[in-house]
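Colleague: Please pick one part of this model and go through it closely, in terms a first-year student can follow. Start with how the model is to be read.

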Amino acid sequence: MDKKQSKPMELLNTMVSEPYYLLHFLAFFSYFVLRTSVVQVLNTHITDRLLHREIQAALAFGLLTAIKIVREETWEGYIADTIFFAKIFVIGLTLIVDYHLTLWYIVVFTVIYIFTQQPAFQKLGTSSKLTPLQLESLLTEGSTSRLWLVEFRAAYSPACIRSSRCFPELSITEHEPTSYICLILAWS
């Protein structure tokens, strides 16, 4: 029973503690606040059109996320694609309301993209984040009988973040333990 309760709490903790998830959550749900305040200002024709488009967007979003949950290999990829689809639908819906609101959401999503990134997978295996100098000294001074699995990853690349789940799992083998090193390339 404790494991079943800890999983939702772990997901909630991740959503609140990671800026990437928290800022997206706040941006998406700000649409509902803005929409309820805008309804009083818009005429009924635009309000009805907006409601029909919201229903269409919700159905399309549900269909796309259902397809992605079946086809995507990792949860990180599924979450990234779901957030991407939600951004498209929010921007599309705000175009119906006002282009100023659309520009505001584009700026918000751009700021989120620039200042935050999707967190990498942190479970399974042992990983060490090293600079190139640390990697060189570890490989030249370390034990020669040990196997190394080295991942070179760019911290700003979503494709690298998605693949971060695969490498720690590769370092766990039954026959011979492998050390896993993650070398993150920084933007300079």
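Modeller: What follows starts with the whole chain, then turns to helix α2 and its neighbours.

This is a predicted model, in which local features need pLDDT of at least 70, side-chain atom pairs count only at pLDDT 80 or more, and totals for chains, interfaces and linings use all residues. Residues are numbered from 1 along each chain as its sequence is written, and side-chain values use heavy atoms, with hydrogens and water left out.

The protein chain has eight helices and three strands. Helices (H or I, at least four residues) and strands (E, at least two) are DSSP runs numbered from the N terminus. Along the sequence, their order is α-α-α-α-α-β-α-β-α-α-β. Of the 188 residues in the chain, 31% are buried; that word means under 20% relative accessible area, while exposed means over 50% and partly exposed lies in between (1.4 Å probe, protein chains only).

Now to α2, which covers residues 19-38. The helix has 20 residues and spans 28 Å from first C-alpha to last, close to the 28 Å expected at 1.5 Å a residue. That expected span is 1.5 Å times one less than the number of residues. UniProt, in an unreviewed entry, lists residues 21-43 and 103-121 as "transmembrane region"; its positions are given in the numbering used here, feature names are shortened, and annotations may be inferred rather than shown by experiment. In the model, residues 21-43 are 78% helix and 0% strand, with their end C-alpha atoms 34 Å apart.

Several α2 residues are buried, among them Tyr20, Tyr21, His24, Ala27, Phe28 and Tyr31. Phe28 touches Ile83, Ala86, Lys87, Val90 and Phe109, leaving aside residues up to four places away in sequence. A contact here means heavy atoms within 4.5 Å. Phe28 also belongs to the largest nonpolar core, which has 18 residues; Phe28, Tyr105 and Phe109 touch the most other members. The elements giving two or more residues to this core are α2, α3, α4 (75-97) and α5 (99-115), and α4 gives the most, with six. Such a core is a set of buried Ala, Val, Leu, Ile, Met, Phe, Trp, Tyr and Cys residues joined through side-chain atoms within 4.5 Å.

Next come the aromatic rings. Rings of Phe, Tyr and Trp (its six-membered ring) pair if their centres lie within 6.5 Å; planes under 30 degrees apart count as stacked, over 60 as edge-to-face and the rest as tilted. The count by this rule is nine aromatic pairs. One of them joins Phe25 and Phe29, a tilted pair with 4.6 Å between centres and 50° between planes.

Why are Phe25 and Phe29 separated by about one helical turn? They are four residues apart in helix α2, so about one turn lies between them. Phe25 is partly exposed at 33% relative accessible area, and Phe29 is partly exposed at 45%. The rings of Phe84 and Phe85 also form a tilted pair, because their planes meet at 50°, with centres 6.2 Å apart. Phe84 is partly exposed at 47%, whereas Phe85 is buried at 15%. Back in α2, ring pairs link Phe25, Phe29, Tyr31 and Phe32 into a cluster.
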